[in-house]
Amino acid sequence: MSDTLSKIEKRTAYILLLPAVILVFSIILFPIFANVWISFKEVGLKDIRIPEPRAKKIVKSIKDSSDEIKIIYKLRNSSLILDIRDVKFQDKTPKNVEPLNLDERCQFKSNIINCNFGNWKAKYKENFQIILKNKEGKKINKKEIKSFKPKLSGKSDNILLNTNFTLKNFKKVFFQNEFFDLLMTTFYYTFFGTIGSIVFGILAAQLVNQKFFGRTFMRSILLFPYVGPVVALAYTWELLLDPYSGTLNNLLLNFQVIQEPLNLLGQKYLTINFFGFDLKLRLALTTVIIFEIWRYFPLAFLFILARLQAVPKELYEAADVDGAGPLQKFKSITLPQITAVISILFMIRFIWNFNKFEDIFLLTGGASGTRTLPINVYEQGFTISDIGMGSAVSIVIVLLLLMFMFIYFRLLGRRADEN
Amino acid sequence: MKIKSLILYCLISSIFLFSLVSIWKVLSTLQGIELKNLNFVIILTLGIAISLINLIIGDKFHKALKSIIFAILFTFVDGYLVQLMPIWYNVGIFGILIFYSFKIDKYNQKNLDLDHSSQTVLFEFLTLFGIVLFSFVILFPFYMMIVTSFKTQAALLINPLDFSINFAQDIKELFKSYFVIFDTYKFGRYILISTFVSVGTVIITLIFAIPAAYAVARLNFFGKNFLSTSILIIYMFPAIVLVIPLYTVFSQLGLRNNVGGLLIVYTATTLPVAIYMLQGYFKSIPKELEEAAIMDKLNWFGIIIKIILPLSIPAISSVALYVFMIAWNEFLFSLMFLDNPNSFTLSRAIQYLSGDAETPRQYLMAGSVVVTIPVLFIFVYFEKYLVSGLTAGSVKG
């Protein structure tokens, strides 16, 4: 009895899970594996269009004979690279007409023209012509003919499905792609973005955890950058930072903080003279990191605030009795209470910032030293139109990501052991 | 009185005053007032003087009287420095000084003498400083977005610092950018598409996620642990590594430029977090309720509809709002999958608009306001639900 019950339970569970699992599998897991496949192929953006046989139908009347009509089909292979095999053609005609001198590749039967065009090479073009004549000598209705659309079909090789593999993409990724530079930029962006957002998150949480007028309001405001749409925020920042008409530069110029407008998003290096040393600051990258911090510190704030509010009040009261100052309270009560949250946050944010695409794409498009790995995926795949290369970079990202996750879960496991 | 505390108090309070006054000056500059100098040294000196006088006077005067005297003094000096400012500017300075005097009023010779007084001063002013600074830094871009959308190209070119809005003008002139984006750029259509996609994603996600989450939370089956860990791992995989294969497959299947294709992808990417959030909540529902239902010969469908759903309205709303927000804000997939202006979502439409260098920026900002307002409105209105959604789903971002 209990055996059958548990069987029923199992079956129910699988039925309930199946739709979600299938969907997630096909949209998330399948592409990750497909990436591996594509990354070993030489595929361009233009190759992924399946070649189609196409026909444009033009209907023309013939002078002095209203019972005859000429149809021209402009046939072509839509692909410039691939052949199409076994092209079949079908079109309807009105009743009571018959074709004159029908092409030998075609047959006419019960108002339908069927043709077998055989193989079309890449870039194939042909003007195919049919003359129709009304059997009763009546005028042929042009509109009716136009309303029939020819149907074409054919077979072709799919470049994605054949088994030609190459290591070219990976060679390019590692040796011709300034890979080290790319990795370092990604690392700077990820690391400083994460640290910055956590530091500001702690500050903000510490702030809101105190009692003051308008505290709930403050909490909502602090989350605005995180809930707002990236597109809107990125373009607003772009306007704000514009070197000529941007508000920030004009304000700084107005108050004589700077003498020359700064191109905060378009300048790769800013040289700062620091006690006689020339320091090179990566300006655009720094700006992008600041945007990142601005947008994601609310998340750290939310996490840390939740933790802070769970810290028992008695701890602080005891510290007051012992005569501890605010700094000491922060150091010996608050900080130890939030280290666990901070380490989890650090790892989660690290992984996510590592993959961030939209923010940089919208702000700089990857120019002036802000090209990170995710931006490179887009660039390779859609700007340079090399799908295979894009996939190879994706694979590198996935591998690095798996490494981070491995470390993350190891640390998480160790933490669980400790407690 | 400790010298260290005294110096710290004077310095940090006057720096705080300076920052308040500076923010007010920046905002005034953006209303078209010509201010060229923040007068750092003078305002700092004034601030130090006021805080010292405050200590010396102590409780001899009433708090309000003291504040008004300080405010009048400061406003007079500042007004003399910058000269011929409109009355509202001076009123603002006056207000800031009243606020400031109230804040420093609680410091007197006695409490600067206490243990840790320098730290207390530091912390209290840093808090004030933080509140002012955080609010300014966060709200300023939003303020700029809204104001720019009401300006004209010519006005922005003549003086990029003049953010003042002329409310006296015709309403059609004032809202011109909005009329243009709705008439010329078909933003009405994009709002509909975005709403359709987001609401559709929410509905489909819930339909898929509720049964799955129920199974994970309640039923025993082979591979359960594996499934719940993989939900989290899958959730960590970023969109950027899915883009190329999905693009190729969707192109070949003809699902690009198709809102349906977008719906499938959004649903799949939000499903893991929805399941994760819901199963956590389902586990907290007492099992006895379901056992009673099984006695009444309800099948799983009945249990979900009649028992689980009514009890988990809060969790379901927070999942729904969170998913709505993700779908509404989503950009990468809409960039990849939509090329045809007839099927753009709002985010994609704004990006398309900005691609044309000729597009005046007030149109861009009007579009940005249109895409931002609904999401902020929902956030403020349903904050309680959304915050719990954000915390649970915040592995993603």
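What follows is a chat about a predicted model of two chains, A and B.

Me: Which residues count at all in this predicted model?
Reply: Local features need pLDDT of at least 70 and side-chain atom pairs count only at pLDDT 80 or more, while totals for chains, interfaces and linings use all residues. Residues are numbered from 1 along each chain as its sequence is written, and chains are lettered from A and ligands numbered from 1 in the order in which they are written.

Me: OK, domains. How is chain A divided?
Reply: Chain A has domain 1 (51-155) and domain 2 (177-385). Domain bounds come from an automatic or database domain assignment. The centres of these two domains of chain A, taken over C-alpha atoms, are 63 Å apart.

Me: And how is chain B divided?
Reply: Into domain 1 (3-138) and domain 2 (179-393). For chain B, 48 Å separate the centres of the two domains, again over C-alpha atoms.

Me: How many residues does each chain put into the contact?
Reply: Chain B gives 86 residues and chain A gives 76 residues. Two residues are in contact if their C-beta atoms, placed from the backbone, lie within 7 Å.

Me: Which helix gives the largest share on the chain B side?
Reply: Helix α5 (residues 117-149) of chain B, with 15 residues. Helices here are DSSP runs of H or I with at least four residues, strands are runs of E with at least two, and both are numbered from the N terminus.

Me: How many nonpolar, polar and charged residues are on that side?
Reply: The side of chain B that touches chain A has 57 nonpolar, 24 polar and 5 charged residues. Ala, Val, Leu, Ile, Met, Phe, Trp, Tyr, Cys and Pro count as nonpolar, Asp, Glu, Lys and Arg as charged, and the others, Gly among them, as polar.

Me: Next, the largest nonpolar core. Which residues touch the most other members?
Reply: F301(A), A209(B), A212(B), I275(B) and L278(B), in a core of 158 residues. A nonpolar core is a set of buried Ala, Val, Leu, Ile, Met, Phe, Trp, Tyr and Cys residues joined through C-beta atoms within 7 Å. Buried means that 20 or more other C-beta atoms lie within 10 Å of the residue's own, exposed means 12 or fewer, and partly exposed is in between, with C-beta atoms placed from the backbone.

Me: Which helix gives the most to this core?
Reply: Helix α8 (residues 283-309) of chain A, with 16 residues.

Me: What does A209(B) touch?
Reply: Leaving out residues up to four places away in sequence, A209(B) touches A20(A), L271(B), A274(B), I275(B) and L278(B). There is also a second, separate core of 23 residues, which includes L6(B), F70(B), Y89(B) and L97(B).

Me: Sheets now. What is the strand order in the one with β1 of chain A?
Reply: The order is β1-β2-β7-β4 in chain A, an open sheet of 4 strands with antiparallel pairing. Two strands pair if DSSP finds at least two bridges between them. The edge strands, β1 (53-61) and β4 (97-100) of chain A, each pair on one side only.

Me: What holds paired strands together?
Reply: Strands of a sheet pair through backbone hydrogen bonds, either parallel or antiparallel.

Me: How many bridges join β1(A) to β2(A)?
Reply: 9 bridges, and the two strands run antiparallel. One partner pair is A55(A) with L75(A) in β2(A). β1(A) and β2(A) form a hairpin with 6 residues between them, and D64(A) in the turn has a positive phi of about 65 degrees.

Me: What about the other side of β2?
Reply: Strand β2 (residues 68-77) of chain A is joined by 9 bridges to strand β7 (residues 125-134) of chain A, also antiparallel. In β7(A), K70(A) has I131(A) as its bridge partner, and I71(A) has I130(A).

Me: Which residues of β2(A) are on the covered face?
Reply: I69(A), I71(A), Y73(A), L75(A) and N77(A). The uncovered face has E68(A), K70(A), I72(A), K74(A) and R76(A).

Me: Last topic: phi. What sign does it usually have?
Reply: Most residues other than glycine have a negative phi. Q256(A) is not a glycine, yet its phi is positive, near 55 degrees. Q256(A) is in the loop between α7 (247-254) and β9 (269-274) of chain A.

Me: Why does Q256(A) count as exposed?
Reply: Because Q256(A) has 10 C-beta neighbours inside 10 Å.
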